[in-house]
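Work through the exercises below with the structure open beside the text. Each task is followed by a solution in steps.

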Number of protein chains: 2
Amino acid sequence: MAEKRVGKQTVKFQNPPVITSTASIVGPKEGKGPLGSYFDYVIDDELWGEKTWEKAESKIVRETLSKLLEKSGKSQEDINYVIAGDLLNQDIASTFGIRGTSISYLGVFGACSTICEAMAIGSMIIDGNFADNVICVTSSHFCSAEKQFRFPLELGTQRPPTAQWTVLGCGGVLLSSRGQGPRITHVTVGKIVDKGIKDANNMGAAMAPAAADTILTHLKDTGFAPDYYDLILTGDLGIVGKRICEEIMAEVGFDISKRFNDCGLLIFDREKQDVHAGASGCGCCASVFAGYLYKQLLEGKLKRILLVATGALLSPTSTQQGETIPSIAHAVSIES
Amino acid sequence: MAEKRVGKQTVKFQNPPVITSTASIVGPKEGKGPLGSYFDYVIDDELWGEKTWEKAESKIVRETLSKLLEKSGKSQEDINYVIAGDLLNQDIASTFGIRGTSISYLGVFGACSTICEAMAIGSMIIDGNFADNVICVTSSHFCSAEKQFRFPLELGTQRPPTAQWTVLGCGGVLLSSRGQGPRITHVTVGKIVDKGIKDANNMGAAMAPAAADTILTHLKDTGFAPDYYDLILTGDLGIVGKRICEEIMAEVGFDISKRFNDCGLLIFDREKQDVHAGASGCGCCASVFAGYLYKQLLEGKLKRILLVATGALLSPTSTQQGETIPSIAHAVSIES
């Protein structure tokens with residue numbers, strides 16, 4: 001069965017897991033963006049009736065999970081595992097969002113790469129015949145993330161042009177061993193890449209080499225040309241990181257520019273919504289996939305995509321101690 | 001192939017992954033404890049030549065990984081995945097410890113349950129035929145954990161009798177598809193259990209119901225009686241949580257007391273080492289298994305153990321916001 005492994009870092013599934021359903025909930029700013037109509041629910045304000053941003057983020061996870069079960073017609077008992085993560089310290093958005101369910105829980109952390117990490121693990125669990133249904137869900141919240149990673153919002157700190165805007169949102173996907181929907185055919189799990197960027201307000205530049213490394217490895221492992229895919233979509237490099245990633249790929253002989261975009265550039269209108277270099281956050285790639293891309297795949301507007309979630313594995317402590325920003329990217333190949 | 005799944009939450013492996021090697025590094029206090037002679041290396045001081053405790057913890061991860069490769073005779077190229085996590089915000093001990101390797105990385109978070117979570121995922125990846133070699137490694141550091149979760153050490157804050165002492169240590173295991181060594185036959189992935197404990201200085205009480213839930217589920221799923229195992233070993237309930245777990249199990253008709261112990265009670269001498277209720281931390285269960293238990297299994301002193309790592313999924317933020325402590329436990333069944 002060596003054919004399950006392709007090249008250095010890529011897995012090819014024998015019974016490709018089916019993405020049978022998705023759900024997404026986003027914040028008001030995201031709801032006003034170009035993809036607003038694709039999300040299942042847009043909340044009115046950032047607290048959504050809770051006393052803190054962290055509790056609001058947990059509620060968004062809880063409600064996304066609930067919406068996903070409702071849309072898929074499944075009960076908690078049908079789900080073998082939920083794999084989840086977020087940006088908050090000790091993954092508390094996920095933990096407190098999932099608390100109250102009776103589903104076996106695997107917590108993961110890959111910063112903004114988390115949704116693809118979860119889908120990679122979930123797909124292996126399903127193709128390995130350990131589960132029939134796995135939910136992968138990740139979230140982020142602009143206000144809780146700013147408070148934790150940068151400055152309290154109340155300070156009104158100015159953000160540099162390279163900064164990205166953390167998405168308030170959550171996306172969940174249901175992976176199943178059978179059923180109708182797009183299928184995950186391959187995953188390429190990334191390794192940590194650190195090219196020495198130290199500026200926590202320029203995470204696109206830090207993550208771009210990791211994205212390029214994973215895309216290049218995926219193409220080499222599979223033998224696919226970039227135009228095998230209708231879309232290669234990173235999440236979330238923003239405008240700065242996207243350009244760097246394209247340049248790195250061009251230098252090694254792969255022109256991906258015609259098929260390439262970034263979740264961080266899709267969810268907001270950069271000209272009208274004042275998000276500087278674009279969007280980011282565990283909830284960005286997850287909600288863009290669960291809300292927008294999944295429907296494009298279902299409707300046949302996209303047939304094959306490579307979703308490459310990217311994560312900046314820093315913490316405020318590592319930044320304060322003068323460390324650079326290690327980054328990672330995981331690629332999930334999805335065909336309708 | 002439905003026989004891979006046993007009962008509600010348990011997986012039974014068809015080709016049980018082999019634990020072909022382990023490595024462990026601990027701090028000076030742990031080196032002076034009853035298991036001191038079992039660890040591969042005992043560092044002299046908590047900083048180990050680094051400027052900060054966080055950097056020291058990353059170095060311990062890095063060196064444990066290096067020691068594991070050396071002991072197993074493997075190179076980085078032989079390892080398909082490294083699965084790692086720790087207690088620090090955004091898993092930075094793991095990230096910065098693994099940075100510099102070229103191994104595909106999956107970051108996980110399950111608080112002190114992380115080593116068993118990693119072994120559960122790693123075992124599924126190997127039995128699913130997606131990898132030949134997976135390294136699972138987790139760490140904790142008393143000083144970095146106190147600073148982050150409670151108070152800076154410099155304050156000299158008094159600790160209540162129910163408090164546990166976070167282990168300075170790291171344990172790594174190499175799971176392989178073939179080779180010699182004890183095998184992982186089953187895993188039971190836990191669900192979140194929260195019985196309303198709010199005291200972050202009494203995590204044993206918070207985690208005990210989760211441990212009991214997973215042990216009970218494991219016994220029901222597999223049909224094993226408690227004495228099927230030579231040892232059921234939780235990590236890390238301490239003296240308070242161990243008693244509660246025993247009581248809960250007795251109430252539901254399972255007397256586990258004769259076969260039951262806790263990693264948090266093995267690594268220190270509670271009478272001489274002033275650790276209050278016992279030890280805890282991602283590095284406790286990991287180093288006790290990698291250092292002590294693995295050798296007992298190799299020497300045939302233990303034949304079958306159920307390792308049940310337990311995690312308190314709190315953060316200082318959730319505690320400050322008045323939240324209770326959601327907990328989880330994952331069980332890994334190991335036979336020599």
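## Exercise 1: a residue in a helix

Task: Find the element that holds Thr317(B), and list the contacts of this residue beyond its sequence neighbours.

Solution.
- Thr317(B) sits in helix α11 of chain B. The model is a predicted one.
- Set aside the neighbours within four places in sequence; Thr317(B) is then in contact with Glu54(A) and Ile92(A).
- For a distance within chain B, take Phe96(B): 221 residues separate it from Thr317(B) in sequence, and the two C-alpha atoms are 24 Å apart.

## Exercise 2: how the two chains are related

Task: Describe the rotation that superposes chain B on chain A, and name the kind of axis.

Solution.
- Chain B is superposed on chain A by a rotation of 180°, with 0.0 Å of shift along the axis and an RMSD of 0.0 Å.
- The two copies are therefore related as by a two-fold rotation axis.
- Next, compare the interface residues: 98% of those of chain B are also interface residues in chain A, so the copies meet through the same surface.

## Exercise 3: checking a helix

Task: Compare the expected span of helix α4 of chain B with the distance between its end C-alpha atoms.

Solution.
- Helix α4 of chain B covers residues 114–127, which is 14 residues.
- The expected span takes 1.5 Å times one less than the number of residues.
- This should give 20 Å, and the end C-alpha atoms are 20 Å apart, so the two values agree.
- As for burial, 14 of the 14 residues of α4(B) are buried, and the helix is mostly covered.
- Just after α4(B) comes Asn129(B), with a positive phi of about 70°.

## Exercise 4: backbone angles in loops

Task: Locate the cis peptide bonds at Asp236(A) and Asp236(B), then decide whether Ala111(A) and His276(B) are buried or partly exposed.

Solution.
- In chain A, Gly235(A) and Asp236(A) are joined by a cis peptide bond with omega of about 15°. Asp236(A) belongs to the loop between β11 (231–235) and α7 (238–251) of chain A.
- In chain B, a cis peptide bond with omega of about 15° links Gly235(B) and Asp236(B). Asp236(B) is placed in the loop between β11 (231–235) and α7 (238–251) of chain B.
- Ala111(A) is not a glycine, yet its phi is positive, about 50°. The loop that holds Ala111(A) runs between β6 (104–107) and α4 (114–127) of chain A. The relative accessibility of Ala111(A) is 1%, so this residue counts as buried.
- His276(B) is not a glycine either, and has a positive phi of about 60°. Its loop lies between α9 (270–273) and β13 (279–280) of chain B. With 24% relative accessibility, His276(B) counts as partly exposed.

## Exercise 5: two buried residues in strands

Task: For Ser21(B) and Cys136(A), give the strand, the relative accessibility and the contacts.

Solution.
- Ser21(B) is part of strand β3 (residues 18–26) of chain B. Its relative accessible area is 6%, and the cut-off for buried is under 20%, so Ser21(B) is buried.
- Not counting residues up to four places away in sequence, Ser21(B) touches several residues, among them Leu68(B), Lys71(B), Gly172(B) and Tyr294(B).
- Cys136(A) is in strand β7 (residues 133–140) of chain A. At 0% relative accessibility, Cys136(A) is buried.
- The contacts of Cys136(A), leaving aside neighbours within four places, include Ile83(A), Ile115(A), Met119(A) and Gly172(A). Cys136(A) and Gly172(A) are 36 residues apart in sequence and 5.6 Å apart, C-alpha to C-alpha.

## Exercise 6: empty space

Task: Give the volume and the lining of the largest cavity and of the largest pocket.

Solution.
- A probe the size of a water molecule, rolled over the atoms, shows where empty space is left.
- The count is three cavities of 30 Å³ or more. The largest cavity holds about 100 Å³ of space.
- The largest cavity is lined by 14 residues, and those closest to its centre are Leu87(A), Cys112(A), Phe149(A), Arg150(A) and Met203(A). By class, nine residues of this lining are nonpolar, four polar and one charged.
- The largest pocket has about 310 Å³ of space. Its lining has 20 residues, with Phe149(B), Arg150(B), Ala200(B), Leu314(B) and Thr319(B) nearest its centre.
- At least two residues of the pocket lining come from each of α5 (142–149) and α11 (316–320) of chain B. The largest share, three residues, is supplied by α11(B).
- The lining of the largest pocket has 12 nonpolar, seven polar and one charged residues.

Methods
Residues are numbered from 1 along each chain as its sequence is written. Chains are lettered from A and ligands numbered from 1 in the order in which they are written. This is a predicted model: local features need pLDDT of at least 70, side-chain atom pairs count only at pLDDT 80 or more; totals for chains, interfaces and linings use all residues. Side-chain values use heavy atoms; hydrogens and water are left out. Helices (H or I, at least four residues) and strands (E, at least two) are DSSP runs, numbered from the N terminus. Buried means under 20% relative accessible area, exposed over 50%, partly exposed in between (1.4 Å probe, protein chains only). Copies are superposed by least squares on the C-alpha atoms of residues with pLDDT of at least 70 in both. Contact means heavy atoms within 4.5 Å. On a 1 Å grid over the protein atoms alone, a cavity is a set of points where a 1.4 Å probe fits but cannot get out, and a pocket is an open set with protein on both sides within 12 Å along at least five of seven lines; lining residues have an atom within 4 Å of a point. Grid points are joined across faces, edges and corners, and a volume is the space filled by probe spheres set on the points. Ala, Val, Leu, Ile, Met, Phe, Trp, Tyr, Cys and Pro count as nonpolar, Asp, Glu, Lys and Arg as charged, and the others, Gly among them, as polar.
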